[in-house]
Amino acid sequence: MIRVRFSIITGLFFFTLFFSNFAQNPGDKYKNDAIKMMSGGKYGEAIDLLNKYVGVYPARPDGYNLRGKCYEKRNQLVNAQNDYRIAAKLEPANREYQNDLNRVNNLLNNDLNAKIKGYQREIAIHPNNPTNYLAIANCHRLMFNWTESQIWYDKYIELEEPSADEVIRYTEVLSYLKKYAKCEPILDKFVKKYPNDHRLWSRHGYIKMWLGKSEEAKTSFETALKLRPYFKEAQDGLDQVLGKYFTNLYKDTTANWEAKNQKPPPSAPEFAIDQYYRVLRNNPKDDKTRFLLINELIKYSRWEEAYQQLIILEEKYKEDPKWIALYDKVVKIREQNYTKRINDLQKLLEKNPNDVKSLTEIVQLLNNLKRTEEAFTLLKAYFELNPKSEDCKLRKIYARIASDFQDNYTALEQLDFCLAKDPSDLELKLQRGIISVWIGQDEDLAYQYLSDVIAAKPKEITALIGLASLEMKKNNFDRAGELIESVKALDPAHPELETLISNLETSKLRAAEEALFQSLEIGREKIRAGDCQGAVEVYDDFLSKHEGNRTILKEYADINSCLKIMTKRWLFMIHS
């Protein structure tokens, strides 16, 4: 009896122990264990546990908020922001969640704005480096500044063809702006270039669906699912196209729910420099705004950009005391800063002449200060020591500086070396083509290279100018006029525009005169054939349009003498 009673009590004890452990749902255990890990500073382990907790309870805001705190402690601010946003959306009245979100937004925005300023300084020094434009686009994307992000993505894509990942991010930005028609040709192109990327096919499907092209959307979603079966994003899209889609029963945290149910976050105030640049893009002749921009650039010590803006105003304001004061200040500080940095870099190069990073920086600074000969000498010495160097980034710089130094043949050598390695590099083709236009050499090759650039980048002004010059040489004046109009539309104040228009008119006059002088050859042929009457008609026509010269007037006199002799002979034959 005692054994039976003991067995029952033991059974009840273990049942109670088991039930008490089991009564704590495994999901709750993940959360409690994560809090313990957070207390011990083990945020990585806590994140792993909270991932499981969120998987069990996706509609509970506390999991997202706790995970956001872990990310914030690890300084992964973007991830922290995403989780805080979800928590605040699921429980909008919770002040703690909103405070956490506001705090990380401020931290992240300050960090991203500081990065943007740094990238803009880099752009002032290296305007053709696409990486900096892409970085600024991504910074604005992370701050949900969709319009600014699109502007910088557009600039990036003018310089470089994006990867599949960047296409996904770019079309995400365009989708938030509801620019589906702009997305469509981009995705049409890149699903062909990357036919095995299921993400591109899925995004392609959504754009087609939002444009009302259900059959094409269905095909795209099905293609994505063939490449990656059970890919939820594509499956949801296909279900929507087929009319099988049902929204989740809990508050879903996807972009669709957000777009329908939440107000977008307030836009960050536009940075003054960005605002002035935007105004000037639309109206380059707005000198008042350009002066405001210069003052703002000086305020943030962006001396190179300020200098470039002053150069734009120089022709018109070089006698203006306001411009002179700004110019003197910028030039002085710019030169001091650059000279100090040049001296530091020279010391580094003395220790290691093959320090490419220091060499690259110093020659660009020297060139900015118009100390082109020094920059050229440094690069020439480097490549004499390293004739087989395959550093085409440095060779491009060498080509540009050699061209500024009027050594175009050295520039061509560098460009041809790099084009042999990468025949598709549009920047190389542009440099090579323009130099050929300048020196009148390899013009057919230049025409091909510049045409390739325009095909990929229709707004590349330098290539348009080069092609217009080549078309004039070929007497294709209509095409040259079209190219000049394109330049005018893109930049009405471009310094080369007036020269181009003048050259076009001069070329037309030259071609007409050449054709007129060529007509005299017909008259000379007629003289040799004894057709004095036909020859005099040709010369009469020529002299009605041109004053002629001593040789032509003598030929005309000879033809008239011939005509008189022929007339006398004709009269003699009649009377005899």
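**A helical chain and its salt bridges**

Let me begin with a single residue, Lys 508, which counts as partly exposed because its relative accessible area is 36%. I should say at once that what we are looking at is a predicted model, and that everything I describe today was computed from that model. Lys 508 sits in helix H27, which covers residues 497-528, and although Phe 477 is 31 residues away along the chain, the C-alpha atoms of Lys 508 and Phe 477 are separated by 7.2 Å.

With that starting point in mind, let me step back to the whole chain. The protein chain contains 29 helices and 0 strands, and of its 576 residues, 41% count as buried. If we take the contacts between residues at least 6 apart in sequence, we find that 49% of them join residues at least 24 apart.

Now let me return to H27 and ask which helix it packs against at an angle of about 10°. That partner is helix H25, made of residues 461-473, and the axes of the two helices are 10 Å apart. With an angle of that kind, H25 is roughly parallel to H27. On the side of H25, the contact is made by Ile 465, Ala 468, Ser 469 and Met 472, while H27 contributes Leu 500, Asn 503, Leu 504, Ser 507 and Arg 510. Sorted by character, the residues of this contact of H25 with H27 fall into 5 nonpolar, 3 polar and 1 charged.

A second helix pair is worth setting beside this one. Helix H21, residues 392-404, and helix H23, residues 426-439, have axes that come within 11 Å and cross at roughly 20°, and because the limit for calling a pair roughly parallel is an angle under 35 degrees, H21 is described as roughly parallel to H23. The crossing of H21 past H23 is left-handed. In this contact, Lys 396, Ala 399, Arg 400 and Ser 403 of H21 meet Glu 427, Leu 428, Gln 431, Ile 435 and Trp 438 of H23. The residues in the contact of H21 with H23 comprise 4 nonpolar, 2 polar and 3 charged.

That brings me to charged pairs. Side chains of opposite charge can pair when their charged atoms come close. How many salt bridges does the structure hold? The count is 38, and I will take you through three of them and one network.

The first example lies within a single helix. Asp 111 forms a salt bridge with Lys 115, with the closest N and O atoms 3.7 Å apart. Both belong to helix H6, residues 95-125, and because they are 4 residues apart there, about one helical turn separates them. Asp 111 counts as partly exposed, at 34% relative accessibility, and Lys 115 is likewise described as partly exposed, at 40%.

The next example joins two helices. Lys 182 forms a salt bridge with Asp 154, and here the closest N and O atoms are 3.1 Å apart. This pair links distant parts of the chain, with Lys 182 in helix H10, residues 180-193, and Asp 154 in helix H8, residues 146-159, the two being 28 residues apart. Lys 182 is partly exposed at 32% relative accessibility, and Asp 154 is partly exposed at 23%.

Then there is a pair that involves a loop. Glu 390 forms a salt bridge with Lys 421, the closest N and O atoms lying 3.4 Å apart. Glu 390 is in the loop between helix H20, residues 372-385, and H21, whereas Lys 421 is in helix H22, residues 408-421, so this salt bridge ties together parts that are 31 residues apart in sequence. Is Glu 390 buried or exposed? At 53% relative accessibility, Glu 390 counts as exposed, while Lys 421, at 44%, counts as partly exposed.

As for the network, salt bridges link Lys 69, Glu 72, Glu 96, Asp 100 and Arg 103.

Let me close with a residue from the buried part of the chain. Ser 175 is found in helix H9, residues 164-176, and because its relative accessibility is 13%, Ser 175 counts as buried. Leaving aside residues up to four places away in sequence, Ser 175 touches Tyr 180, Cys 183, Ile 207 and Trp 210.

Note on methods
Residues numbered from 1 in each chain as written. Predicted model: local features only at pLDDT ≥ 70, side-chain atom pairs only at ≥ 80, totals over all residues. Heavy atoms only, no water. Axes fitted to C-alpha atoms, helices over the stretch in contact; angles between N-to-C directions. Parallel < 35°, antiparallel > 145°, perpendicular 65-115°, else oblique. Left-handed = near helix turned anticlockwise from the far one by under 90°. Contact = heavy atoms within 4.5 Å. Nonpolar A, V, L, I, M, F, W, Y, C, P; charged D, E, K, R; others polar. Salt bridge = Lys/Arg side-chain N within 4 Å of Asp/Glu carboxyl O. Buried < 20%, exposed > 50% of the residue type's maximum accessible area, 1.4 Å probe, protein only.
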